[in-house]
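Biologist: I would like a close look at a single part of this protein, explained slowly enough for a first-year student. Please begin with one unit of strands and helix, and then follow the chain onward from there.

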Amino acid sequence: MARLIDSGPGCPTPTPLRAATAAEARGLAYNDDVKAKTDHLYPMVNDFITPMEWPAVAPLVAAINDLKAEKNAVILAHNYMTPDIFRLVGDFRGDSLQLAREAANVDADIIIQAGVHFMAETSKILAPSKTVLISSLEAGCSLASSITGADVRLIKERYPDYPVVTYVNTTADVKAECHITCTSSNAAQVVEAVAKEWDTDTVVLVPDQYLAKNVAAQTNIRIITWPGACEVHELFSSDDVDALREAHPGVVILAHPECPPDVLEAADFAGSTAALANYVKDESPAKVVLLTECSMSDNVATENPGVDFVRPCNLCPHMKQITLENILDCLIEMKHEVTIEEPVRVRAQAAIDAMLALPKMANPLAFETGLKPMEIEVFSPS
Ligand code: SF4
């Protein structure tokens with residue numbers, strides 16, 4: 001069940017003790033030089049970091065930004081990073097698709113992925129000549145770990161005539177076995193394009209069964225999926241939507257398509273993190289709730305000060321492995337480098353390139369809400 005309690009801004013916030021200890025342990029202090037480099041940044045996070053905490057956080061921020069310049073490094077920060085990372089040290093910010101495009105084009109020697117491991121792999125796939133680092137090897141993903149390349153080979157054996165689309169939330173091994181990737185911004189577009197190319201009415205879409213069911217409701221394509229799920233989004237239900245409407249009359253409810261279909265049926269709007277952020281910016285609802293990972297609300301709220309956010313606290317334990325402290329250590333020690341065997345990388349790149357070759361959409365696709373949930377075939381290995 002989702003945690004619907006309104007946690008307020010900045011969950012989880014760094015404690016002064018933790019941050020001060022972290023800076024001191026690295027020989028860093030809040031001095032005039034750090035103040036000069038960071039004072040202008042504080043207004044971006046003053047909802048999340050108190051003035052008392054800031055002298056403990058600022059030295060970490062200054063040190064990271066100095067090292068990035070010195071080593072020609074950039075940080076790609078996913079929407080689910082905490083605001084200290086997202087706003088203060090992230091050079092490029094966005095969802096998986098936006099970050100994948102940046103990784104392919106960025107002019108830097110080193111990419112630090114402030115996100116989870118499959119995202120760092122995607123950057124390495126698209127930027128093989130660059131050093132790609134991730135600051136915690138614990139930053140995995142329940143969805144990515146639900147399926148392997150061997151599983152996809154089994155699917156292809158069972159359904160040799162159907163194209164296999166993989167959500168980007170998968171390992172390089174899985175991407176290498178699939179025909180094309182998709183994101184939550186373009187999943188319906190990819191499914192329809194690949195069905196047309198293969199002249200088929202059936203497409204396999206792995207590994208997120210809920211994304212697949214939500215896509216199936218939007219298209220006439222028959223979809224077969226895999227029993228994977230995101231451990232954050234699968235917790236939401238239509239009962240949560242009802243409870244939010246009762247507790248916050250008039251609230252506009254936005255849902256990510258990794259949520260189960262009954263959530264999209266009951267929500268007011270649905271789409272990728274980029275689509276949700278665009279909706280808030282364009283529509284400026286008086287009060288809104290984002291049914292997705294909790295840092296997303298903090299990051300979108302900063303850019304929309306007139307919007308009142310209800311913030312259910314459902315954090316991704318994998319995303320939260322990434323901290324300012326380990327980003328700094330990663331830059332100092334050049335760890336942990338992400339590597340992929342070249343034959344796997346080349347095949348995975350072909351799947352991503354097939355997606356990137358599709359016409360670029362002006363905006364991420366929204367999912368229609370209010371549709372009845374659809375039952376679709378879920379692949380069973382046995
Ligand atoms: S939010 Fe879900 S899909 Fe994203 S990294 Fe966490 S577990 Fe994986």
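**From one unit to its surroundings**

Modeller: In this predicted model, β3, helix α6 (residues 117-126) and β4 together make a right-handed β-α-β unit, where right-handed says that, with the strands pointing away from the viewer, the path from the first strand over the helix to the second runs clockwise. Helices (H or I, at least four residues) and strands (E, at least two) are DSSP runs, numbered from the N terminus. Because the model is predicted, local features need pLDDT of at least 70 and side-chain atom pairs count only at pLDDT 80 or more, while totals for chains, interfaces and linings use all residues. Residues are numbered from 1 along each chain as its sequence is written, and side-chain values use heavy atoms, with hydrogens and water left out.

Within the unit, strand β3 (residues 110-114) and strand β4 (residues 131-134) pair in the parallel sense over 4 bridges; two strands are said to pair if DSSP finds at least two bridges between them. Ile 112 of this pairing stands opposite Leu 133 in β4.

Going on from β4, the loop between β4 and α7 (149-158) holds Leu 143. Leu 143 is buried, with a relative accessible area of 0%, where buried means under 20% relative accessible area, exposed over 50%, and partly exposed in between (1.4 Å probe, protein chains only). Leaving aside neighbours within four places in sequence, Leu 143 is in contact (heavy atoms within 4.5 Å) with Tyr 167, Asn 169, Pro 207, Asp 208, Gly 228, Ala 229 and Cys 230. The C-alpha atoms of Leu 143 and Pro 317 are separated by 13 Å, although these residues are 174 residues apart along the chain.

Asp 208, one of the contacts of Leu 143, leads to another helix: at the start of α10, a side-chain oxygen of Asp 208 reaches to within 2.8 Å of the backbone nitrogen of Tyr 210. Of the 10 residues of helix α10 (residues 209-218), 8 are buried, so this helix is largely enclosed by the rest of the structure. The buried residues of α10 pack against β5 (164-167), α9 (187-198), β7 (202-206), β8 (222-225), α12 (261-266) and β13 (366-367).

Strand β13 also belongs to an open sheet, in which 5 strands follow the order β12-β11-β9-β10-β13 with mixed pairing. The edge strands are β12 (308-310) and β13, each of which pairs on one side only. In this sheet, strand β11 (residues 287-291) and β12 pair in the parallel sense over 3 bridges, and Lys 287 stands opposite Asp 308 in β12.

Another strand of the sheet, β9 (252-255), is followed by a loop to α12, and His 256 has its place in that loop. His 256 is buried, with a relative accessible area of 2%. Leaving aside neighbours within four places in sequence, its contacts include Tyr 80, Tyr 167, His 233 and Leu 291.

Tyr 80 turns up again at an enclosed space, since the largest cavity is lined by 26 residues, of which Tyr 80, Met 119, Asn 169, Glu 258 and Met 319 lie nearest its centre. On a 1 Å grid over the protein atoms alone, a cavity is a set of points where a 1.4 Å probe fits but cannot get out, and lining residues have an atom within 4 Å of a point.

Key: Polar contact = N/O pair within 3.5 Å; in protein donor to acceptor, adjacent residues only side chain to side chain. 1 Å grid on protein atoms, 1.4 Å probe; cavity = no way out; pocket = protein on both sides within 12 Å on 5 of 7 lines; lining within 4 Å.
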